[in-house]
Amino acid sequence: MKDYTVMSEEVNVDKLVEKFHQDGYAEIRNLLNVDSLNEVHTFANKNFDEAIDTIKENGLEFGIGTKNGFKEMVERHEKRYEMPYKMHHPFIDTIKEDKWLSSVVKGILGDDAVVINQSLIMCLPGAGDQAWHSDGAHVSLSKHLPCHVLNVFIPLVDLTLELGPTEFRPGMLIE
């Protein structure tokens, strides 16, 4: 099996978890090797194209939002898609099984953390900005509670301002 080595064991887990709890997010740079990311990028693009082709070949149409999409793909915003379709790759298993990453996740969520979703977010050229939003519902909007859901973003391309990277608001609760 191919080696998809995680490369940031030198980052202190406790400091990373503390930063997450303070700001509501943490960033780990250069975590995965570029060859692995390029392979997954090719894999994801192939699956995206296959899903779009299947929708077109079957004369299906979909609009923006879950109610107007499919289990395999939803257009979240114009030219911005979320796709769980065929997003199972040995690379993802390596990430889920990595001891260092598991210690980070368990430090944030606890020992009973489980993966409940894995999907690709695909933004096509010309996709507009999204409104500010939370990617997971808060248990309470009036009281700060421990984290119960963790979203992990792994960019498959270099993020630049021109590409419109994900933005974060440290320490803010968005209602």
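**A first look around the chain**

Q: Where in the chain is Lys79 found?
A: This is a predicted model, so keep that in mind as we go. Lys79 sits on a short link in a hairpin that has two residues between its strands. The place to look is the loop between S1 and S2.

Q: What is special about the phi of Lys79, and which value is it near?
A: As a rule, most residues other than glycine have a negative phi. Lys79 is a residue other than glycine, yet its phi is positive. That phi is near 65 degrees.

Q: Is Lys79 buried, exposed or partly exposed?
A: Buried would need under 20% relative accessible area, and exposed would need over 50%. Lys79 comes in at 32% relative accessibility. So Lys79 counts as partly exposed.

Q: How many bridges join strand S1 to S2?
A: Strand S1 covers residues 74-77, and S1 and S2 run antiparallel. One facing pair across the two strands is His77 opposite Arg80 in S2. The number of bridges joining S1 to S2 is three.

Q: Which elements does the chain have, and in what order do they run from the N terminus on?
A: Let's step back to the whole chain, which has four helices and three strands. Read from the N terminus on, the order of the elements is α-α-β-β-α-α-β.

Q: What is the radius of gyration of the chain?
A: For 175 residues, the globule rule gives 16 Å. The value for this chain is close to that, so the chain is as compact as a globular protein of that length. Its C-alpha trace spans about 50 × 45 × 35 Å along the principal axes. The radius of gyration itself is 17 Å.

Q: What percentage of the residues in the chain is buried?
A: A residue needs under 20% relative accessible area to be called buried. The chain has 175 residues, and the buried share of them is 26%.

Q: How many salt bridges does a search of the whole structure find?
A: In general, side chains of opposite charge can pair when their charged atoms come close. One pair here is Glu82 and Arg76, whose side chains meet at 2.8 Å, N to O. Searching the whole structure turns up a total of three.

Q: Which residue meets Lys19 in a salt bridge?
A: Look in helix H1, residues 13-23, for a partner four residues apart from Lys19, which puts the two about one helical turn apart. Lys19 is partly exposed at 30%, while its partner is buried at 18%. The side chains come to 2.6 Å, N to O, and the partner is Asp23.

Q: How many residues apart are Lys86 and Glu50?
A: The side chains of Lys86 and Glu50 meet in a salt bridge at 2.8 Å, N to O. This pair links distant parts of the chain, with Lys86 in the loop between strand S2 (80-83) and helix H3 (90-97), and Glu50 in helix H2 (residues 34-57). Lys86 is partly exposed at 41%, and Glu50 counts as partly exposed at 24%. The gap between them in residues is 36.

Q: Which value is the phi of Lys86 near?
A: Lys86 is a residue other than glycine, and its phi is positive. The value is near 55 degrees.

Q: Of Glu82 and Arg76, which one is buried?
A: The cut-off for buried is under 20% relative accessible area. Arg76 has 39% relative accessibility, so Arg76 counts as partly exposed. The other residue has a relative accessible area of 16%, and the buried one is Glu82.

Q: How many disulfides does the structure hold?
A: A disulfide is a covalent bond between the sulfur atoms of two cysteines. Cysteines are there to look at, including Cys123, partly exposed at 36%, and Cys147, partly exposed at 21%. Even so, the number of disulfides is zero.

Q: Which residues make the nonpolar surface patch of about 320 Å²?
A: One member lies in the loop between helix H4 (99-109) and strand S3 (120-123). At 65% relative accessibility, that member, Val114, counts as exposed. The full set is Val114, Ile116 and Val149.

Q: How far apart in space are Phe153 and Ile121, C-alpha to C-alpha?
A: Phe153 lies in the segment after S3 and counts as partly exposed at 41%. In sequence, Phe153 and Ile121 are 32 residues apart. In space, C-alpha to C-alpha, the distance is 9.2 Å.

How values were computed. Residues are numbered from 1 along each chain as its sequence is written. This is a predicted model: local features need pLDDT of at least 70, side-chain atom pairs count only at pLDDT 80 or more; totals for chains, interfaces and linings use all residues. Side-chain values use heavy atoms; hydrogens and water are left out. A salt bridge is a side-chain nitrogen of Lys or Arg within 4 Å of a carboxyl oxygen of Asp or Glu. Buried means under 20% relative accessible area, exposed over 50%, partly exposed in between (1.4 Å probe, protein chains only). A disulfide is a pair of cysteine sulfur atoms within 2.5 Å. Patches are made of residues with over 30% relative accessible area and no salt bridge: like charges are joined within 9 Å, nonpolar side chains (Val, Leu, Ile, Met, Phe, Trp, Tyr) within 5 Å. Accessible areas come from the Shrake-Rupley method with a 1.4 Å probe; for residues, only the protein chains shown count as cover. Two strands pair if DSSP finds at least two bridges between them. The radius of gyration is taken over C-alpha atoms; the globule rule is 2.2 Å times the number of residues to the power 0.38.
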